[in-house]
Each structure stands twice: as C-alpha cells, then as structure tokens.
Amino acid sequence: MFTRVLYSISRQKINGGQTSIFVKTIPSATAVRQLSQAQTSEALRPFLFAVHPDFFGKYPKERAINESSLKQLYAHLDGLQQRRGSASPTHLTFYLRHQQQDLPPPLDVATPESTAFRAVNISLLGNDISSTVSHVLKSCDISTNHVKPSTQQVFYRPINWHHSYYTYTAKQDPFEDFPPSKPEITLRDFLGKNVSRARKLLKQIRQTRQDTQKQERSLVDSLQLCDISWQSSWNVGAYRACLKALDRLCQDNKLLAENIKGRHVVFGNCSMLACDGSIRLSSEDVPELWQSFLTNLPKLLTMLDGVAMLEEHFCKLLGGCRVDKTDPILSRTSVLEHRDALTRMINSIQNYYHTRHGKKQAIRIPPGRLKDVRVTLYNHSRILDVSTQGLIQIGVQSDPEGIVHFLMSRGTAARETRKQTEWDEKAEDDIRSDCQDKLGLSRLSKDATITTEQMISCCTHLARNQQTLGVALDGLRIHVTKFYSVLRDGEICLPWDWKE
C-alpha cells in the first residue's frame, strides 16, 4: 500500500500581528489489495463444501451452529466491503466434514458420529477481505493458491469547501483546528431576549384564557360533572373550541348529558372510557364521533363494576396489594384493555398456584403480606420492576412464578419507597407554591418527564434568586421541562437545571 501526500498550507494571524503557517497532510491516492464479490465467492467455494448446513441433516446441533456462523461470516465480509476495511472482530465456530466422507463408507464398517466432522474455531481480526478469506481457508486446512486478490486504486482529492457549507450542514470542518463551542444559555440571557415576546403573547391570549375558564366552570355546573380537564398538546384556543362543541352537543341531545353526569371528562388524544373511570374525548375528533361514543357509553360503564371485582380478586391472589391507576401510561388504558389484562393475570396466577413444580408446591403469598403495596399492570410487556415512585410494574406477559418471587423479595422495599415518595411529593407541592408566591408567577407547572427531585431543585434555585428574577418573571406562566422555549400561548419553558 502506498500513499502520496499533499500539503495544505493555511495562514492564521495571532497576537502581535505575526502570521503562523500550519501544514496539514492529506492522503491523495491509495492502492488497496482486495477481492471482488465474485472472487470472494469463488475463493470460499471449497470451504462451503465442507461446512454447508445442507450436508449436516443428521446432526441438527452442528447444522444450526454452521448456519449461524455462516451468517456472521457473510455479515463480517459485507462490513469490510462497505466500510472499506473497518469491521469489529468476530469469533466463529464451524464443524467441517472430513473429505473422505464424500465417498460411501464400507458396508461392514459403521462410522461413529464423533468422527464424521471436526470443530474449528476461527477469529476474524483482519482489516481487508483478502487476508480474512485466506485466514478462514488456512484455519480449515484448505489451500489458498486459488485466492488471487485484485489491486484497485482509490484516489482521494482534497476538497476545501467554503465555510458557509459547514455552517449550513453543521458538519465538522476538517481544516478547522478547534471547533467553535456553542455558548451556554443562561436563564438571564434567555429571559432578556424572550420576556417581552412572552408578555405580548400572554396579553393577546388573556381574554381567550378567561373565556375558557368561565366556559369550563359553566359546563361543570350545567352538566353536573365531577371535573373537566385538558391533556392535549394544543393551545388554550383549541380547549375553548372543545368546550363549546361539547356544550352544543349536550344541549342538542339530553341523553348524552345524562350519560356523562357525575363523571370526569378529559380532552386528550383519543376517545375512550379509561380504566380509572374518566371519560376521554379526542381533541382531534369531530363532534359526530363524540356523539357516537357517548351514545354507547352506558354499555362501557357497566364494565366498571366487573373490573372492580377483578381487581379485588387479583389483589387477594397477590397478598392484598392494590392496583394503582395514577401512572400516566395506565391512565391512557381503556377499561376493555384493563379488564383483559386482569383476566389474563388472574388465570395465569391461579394456574401457577394449582400446579406442582417437581415435589414442591407453588409458593403462595400470605394474605395481607403486601398490604399498601401498589402495583401497575402493563399490556404487551414482560416488565418486572419498581419505579422511582415505589410502584411495582408488572407486565402481563411475565412468568407468574417470577411475579410471585419478585413481590415477595421487593414488596417491602417498594412500600418504603412509596412512603418516601409521598413525603417528597408533599414537599414538592409546598416548595412549588412558595416559589410561585415569591416570584409572583401566574402559573408554575412541570412536564411529566421531570421527577420530584428535579422539580424541588429547580424551585429552590428559583426562589433563591428572587431578587434578580422576581421582576422579570412577575405575572408569567412557567413550565419546567428540559429545554428553553416560548409557547404560542406565552408560556415559558425552561430546563430544570437552568444556569444563572
């Protein structure tokens, strides 16, 4: 292999008006010895006659190993071809047929299985196809005289793009000695550039927000709802439109108003009866779809009593635990899915309790052992874990024996974690309320991805800087998340770990 070197000279002024000259070497042309795809297939033909899985029909174990190793070998060769000589090391095992096996054995001599083939371990460490193929053949005692690599020259011309190309594509300039570091955004700089725009947006939408709150209270009173809330990514204008559409729909059809009486209505991303009993209406659906769903709602509401009985039976089987429905993922689970998950779990655990494993009877959780322990069920999952909130997460597809052992071993720790979480959540509410009052904020909320510890840290940091931030944040709406932004309704998003 040979390399012809070009020199790139760049000049840069430094302090004192002096000019420094930097010389960079650039590869111009390289000769690479490699095999073409056709030559590779021809060179490996004797090897394939010795290891091909079709010749191992009587030996399923060796057949499977050869089939898997061949796939890895081809993948390794493809990696060398595509990446031009860069592939991770691979260790393979092949079973080779003896050459004399091609001839029929004598009728009076039985060939034992142990002598029908031999195992060969091959480590692929080469950086080019030619050496890799040769190494494979030599490891199997196969001649390499027929391997004739071709020589292909690959020329590289240095391209010095204009700096605007690297700025537009965000690619790294190879001729730049030190990449420019992005300046760290501080809260003070962000507020200085965006507070006026946030206040302007808040002023523009203030009347809309007041009308929405008035419409919300009126709808709760007129329809006798338990509560009504908004859990969608759309702004407050879309929320007001949904409230008006529901009001008109219930005025035109009194039966729909009777169906949702006393319920919690949530505008979200789908229409369903959630497993916690709340009625969810999609903010993206037209009122006609709402009408069809709410007309059939009584049939779904009858399932809630049956689901409650299934939950009680499920908890008795698992030591008196409780099914928690406050998890954000579970709150988006329909009552039908929750019923099917409970039924599947009950059948699985009962079958385990009535099945003897060897000479030992299945382990049962004593009644009341897991009292005050909260569990959440996840459809189409095998998860078995304890969340940071102290909830035991159980996948419906998990093994029942594993579920029982996991609850027995982690139930007490989950209970203690849940108690600590409740104390932390109460402390978070107190600190958030205190921070909102000190800074004069109109609203202070957090994203679902922000933990209790992160929110406490953020609010404590904000309250500590009351004198410098109080005037700038007075009357604003703050949403704690992981990035800086100003929403269309004037709400300011800031990261929980903001810098001063």
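Visitor: What does the accessible surface of the chain come to?
Guide: Keep in mind that this is a predicted model. Carbon and sulfur atoms hold 51% of the chain's accessible surface. On the burial side, 39% of the 500 residues count as buried. The accessible surface itself comes to about 30,300 Å².

Visitor: How many helices and strands does the chain have?
Guide: Let's start with contacts: among those with a separation of 6 or more, 62% are between residues 24 or more positions apart. As for the elements, the chain has 15 helices and 17 strands.

Visitor: Which strands are the edges of the open sheet of 4 strands?
Guide: The order across that sheet is β6-β7-β9-β8, and the pairing is mixed. An edge strand pairs on one side only. That leaves β6 (227–230) and β8 (272–273).

Visitor: Which residue in β7 stands opposite Asp 227?
Guide: β6 and β7 (residues 264–268) run parallel, joined by 4 bridges. Opposite Asp 227 in this pairing stands His 264.

Visitor: At what angle to β6 does helix α7 run?
Guide: Helix α7 covers residues 236–252 and lies across three strands, β6, β7 and β9 (279–282). Relative to β6, the helix runs at about 145°.

Visitor: Which strand runs parallel to β17, and which pairs with it in the antiparallel sense?
Guide: β15 (residues 477–481) is joined to β17 by 4 bridges, and Thr 481 has Pro 495 as its bridge partner. With β16 (residues 485–486) there are 2 bridges, and there Ser 485 is partnered by Cys 493. So the parallel neighbour is β15 and the antiparallel one is β16.

Visitor: Which residue in the turn of the β16 and β17 hairpin has a positive phi?
Guide: The hairpin leaves 5 residues between its two strands. In that turn, phi is positive, at about 90°, for Gly 490.

Visitor: Are the residues pointing either way from β17 buried or exposed?
Guide: Ile 492 and Leu 494 point one way from the strand (residues 492–495). Cys 493 and Pro 495 point the other way. On both counts the answer is buried.

Visitor: How many residues apart in sequence are the parts that Phe 190 and Tyr 484 tie together?
Guide: The structure holds 7 aromatic pairs. Phe 190 and Tyr 484 form a tilted one, 4.7 Å centre to centre with 40° between the planes. Phe 190 lies in helix α6 (residues 187–223) and Tyr 484 in the loop between β15 and β16, so the pair links parts whose separation in sequence is 294 residues.

Visitor: Are those two rings, Phe 190 and Tyr 484, buried or exposed?
Guide: Phe 190 and Tyr 484 get one verdict between them. Tyr 352 and Tyr 353 also form a tilted pair, at 5.7 Å centre to centre and 45° between the planes. Tyr 352 has a relative accessible area of 4% and is buried, and Tyr 353, at 4%, counts as buried too. For Phe 190 and Tyr 484, the answer is likewise buried.

Visitor: Which residues form one aromatic cluster?
Guide: Two tryptophans, a tyrosine and a phenylalanine come together here. They are Trp 230, Tyr 239, Phe 267 and Trp 290.

Visitor: How far is the nearest cysteine sulfur from that of Cys 458?
Guide: A search of the whole structure finds 0 disulfides. Cys 458 is buried, with a relative accessible area of 0%, whereas Cys 226 counts as exposed at 57%. A disulfide needs sulfurs within 2.5 Å, and Cys 458 is in none, because the nearest sulfur, that of Cys 459, lies beyond that cut-off at 5.5 Å.

Key. Residues numbered from 1 in each chain as written. Predicted model: local features only at pLDDT ≥ 70, side-chain atom pairs only at ≥ 80, totals over all residues. Heavy atoms only, no water. Buried < 20%, exposed > 50% of the residue type's maximum accessible area, 1.4 Å probe, protein only. Phe/Tyr/Trp six-rings, centres within 6.5 Å; stacked < 30°, edge-to-face > 60°. Contact = heavy atoms within 4.5 Å. Axes fitted to C-alpha atoms, helices over the stretch in contact; angles between N-to-C directions. Areas by Shrake-Rupley, 256 points an atom, 1.4 Å probe, with all protein chains shown as cover.
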